[in-house]
Amino acid sequence: MEKIYHGIPVSPGIVWGEALVYDPGVINIPRFKIKNPKEEYKRVQSAIDITKEELTLLYKKTLENFGKKQAGIFDVHLMLLEDETILIELKRRIHEELLNAESVLYDIAQKYSKDIKSTGNSFIEERTADVIDVIDRIIRNLLEQKRPDLDNIKKPCILLSVDLPPSETARLHPEKIRAIVLERGSTTSHVAILARSLRIPTIVGVSNLFNTYTAVIKGAAVDAISGLLYINPTSDTILKLRQKKIQLSRRFLQYEKRIISHPSQTEDGRRISVLANIELPNEVDDNVKHLSAGIGLYRTEYLFLNKTEPPTEEEQYKEYVYVAKTLNPLPVILRTIDIGGDKLASYTNFIKEQNPQLGCRAVRFCLAHKDFFKTQLRAMLRAASIGNIKIMFPMISSIEELRDVKKILQEVKNELTLEGIPFNKEPEIGIMIEIPSAVLIADELAKECNFFSIGTNDLIQYSLAVDRNNENIAHLYDPAHPAILRMLKMTVSSAINANIACSICGEMASDPLFTEFLVGLGLNSLSMSSVSIPQIRALITKITYTEAVEFSEKILQCASSKEVRSILKERINTKFKNIVSIV
Ligand code: PEP
Ligand code: MG
């Protein structure tokens, strides 16, 4: 029987085919008494041996595909397999309590997961999560119920899961994962951002996906335009989706034709740069090279995730140089790491925070870990002598913070000078405007930097007090809220008055609903995931700047988001309906 689920479409596309349920959580653990403890321990030992082979293979594959650092995690897991404390407890309980190995292992894992909640130290938490992970593998081998391995997917499939941490997402192969559907997540969650970059059609926030389905999943169809997941789709559904897909690819061809024959400017000749957001260097593909005006946001923290130790200065330098050289002379804005919040790396030894999004994140983390920060700045300044690199600081909330990061940047320059290492002495320095306090003092901040880039993903979360990753309150996360629109206006005006550049790099920049409004505010640079560039560029060529200014003023008079949305939709459906259709 076909079953339909609704979610939030975060990376466009339509696909159907085989589905893979990745780690839906609970497996049934049988609990029974055994007669022969020696035999039982032998059985568990052979499951441990199989687990060892499995992890060794995973290590090799990850090493081949992603390098030594990413593979390190499996090294740690192999070491944990030899952990005496677990093995001694396992042996003792099998012999004393005459319990089957699966249930003893399950109890041990439960004990560890309780400890997770009580420590508050994120390094210990991650290690404990590793122990639980390894135990889960052994249990699955005892039960002969293998966990799907993301690296080992043979046939391309649609991945259904509760959630995917950023580290797992970074290992996804777009050739193997045709679409992703998750119970958790929201438009601006990191899995959504990365899926867009990897061009994997994705729907997140599908409530109760794993609570309610009872049918055997034979296949799935994903309409990541309308946010619909079909489990066991009927032939009628597939036919409907096939037609929609054809329409969609026609539309994309139309965009491409239009942007090949039109420069990136409005109908009345105002130039608008459309840049790309990237997370990893390998995203600089032909699309980015040919369709974008450079990189408006390089989220460098992705180089630091899913590793057992941070990348060295040399490793970072190579990555930045690669991107800058590939795109030269186009600009590349390197954002210093925005680690913390929900992006954690085990080696940084984070202290557990009650409100991590309001905690030691981004520049706050960097200012507290100066050596770490300086290493990244050295790599960036050195790379900036080779390509058109600009440096940007995230989460600036006060003028002191901006002065502090600039002071450290100066220290790094002095050190490089003393060491006689070539670097760019005056790269452009910018900041992200993504905290309400920064909007209110944007006029002051503008005097001390070369450019602004508005991060609406965080600006919305912090202004409206809505966690950007919480699917339960996703309806309150609203870019059309008049407060957000007025803050955009304030920021752009401060930049214009101070004569500095201003761009927008949050997900709002890629939503066609807002393009005319943003252009009318005076923004002449928009940065977005590369999949959105063709549509937005095509739309820009249809906008008239003088009309957009008037239109923006009208929008800014609205008191409610409902009013804003109705005017925006009406405009798209009348003036731009050949380019965009809002469903
Ligand atoms: C933002 O906050 O809008 C942004 C672009 O940064 P990130 O999504 O990486 O927090
Ligand atoms: Mg941000």
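## Ligand 1 and its surroundings

Ligand 1 has 16 residues around it, and the closest are Arg-299, Arg-335, Gly-455, Asn-457 and Arg-468. The model is predicted.

Three arginine side chains reach oxygen atoms of the ligand. The table lists these polar contacts.

| Side chain | Partner | Distance |
|---|---|---|
| Arg-299 | oxygen atom of ligand 1 | 2.7 Å |
| Arg-335 | oxygen atom of ligand 1 | 2.8 Å |
| Arg-468 | oxygen atom of ligand 1 | 2.8 Å |

How much of ligand 1 does the protein bury? Taken alone, the ligand exposes 290 Å², and the protein buries 100% of that area. Where does ligand 1 sit? Its place is the largest cavity.

Two elements give two or more residues each to the shell around ligand 1: strand S11 (295-299) and helix H17 (456-464). Helix H17 supplies the largest share, with 3 residues. What kinds of residue make up the shell around ligand 1? There are 8 charged residues, 4 polar ones and 4 nonpolar ones. Arg-299, whose side chain has a polar atom 2.7 Å from a ligand oxygen, falls within the range of strand S11 (295-299).

### Aromatic pairs

Now turn to the rings. A pair of aromatic rings is described by two things: the distance of the centres and the angle of the planes. The count for this model comes to 5 aromatic pairs. One of them joins Phe-252 and Tyr-255. Their ring centres are 5.4 Å apart, and the planes meet at 70°. Is this pair stacked or edge-to-face? It is edge-to-face, because an angle over 60 degrees between the planes counts as such. Both residues belong to helix H9 (residues 235-261). They are 3 residues apart there, so about one helical turn separates Phe-252 from Tyr-255.

### Two backbone details in loops

Two loops hold backbone features to look for in the structure.

Start with the loop between helix H11 (313-327) and strand S12 (332-335), where Pro-329 lies. Which form does the peptide bond from Asn-328 to Pro-329 take, cis or trans? This bond is cis, and its omega is near 5°. Strand S12 (332-335) follows in the numbering; Arg-335, with a polar side-chain atom 2.8 Å from a ligand oxygen, is in that strand's range.

The other loop lies between helix H3 (84-97) and helix H4 (101-119), and Leu-98 is found in it. What is the phi of Leu-98? The angle is positive, about 50°, although Leu-98 is not a glycine.

Notes
Residues are numbered from 1 along each chain as its sequence is written. Chains are lettered from A and ligands numbered from 1 in the order in which they are written. This is a predicted model: local features need pLDDT of at least 70, side-chain atom pairs count only at pLDDT 80 or more; totals for chains, interfaces and linings use all residues. Side-chain values use heavy atoms; hydrogens and water are left out. A residue is near a molecule or strand if one of its heavy atoms lies within 4 Å of it. A polar contact is a pair of N or O atoms within 3.5 Å; within protein, one must be able to donate a hydrogen and the other to accept it, and residues adjacent in sequence count only if both atoms are side-chain atoms. Accessible areas come from the Shrake-Rupley method with a 1.4 Å probe; for residues, only the protein chains shown count as cover. On a 1 Å grid over the protein atoms alone, a cavity is a set of points where a 1.4 Å probe fits but cannot get out, and a pocket is an open set with protein on both sides within 12 Å along at least five of seven lines; lining residues have an atom within 4 Å of a point. A molecule sits in a cavity or pocket if more than half of its atoms lie within 2 Å of its grid points. Helices (H or I, at least four residues) and strands (E, at least two) are DSSP runs, numbered from the N terminus. Ala, Val, Leu, Ile, Met, Phe, Trp, Tyr, Cys and Pro count as nonpolar, Asp, Glu, Lys and Arg as charged, and the others, Gly among them, as polar. Rings of Phe, Tyr and Trp (its six-membered ring) pair if their centres lie within 6.5 Å; planes under 30 degrees apart count as stacked, over 60 as edge-to-face and the rest as tilted.
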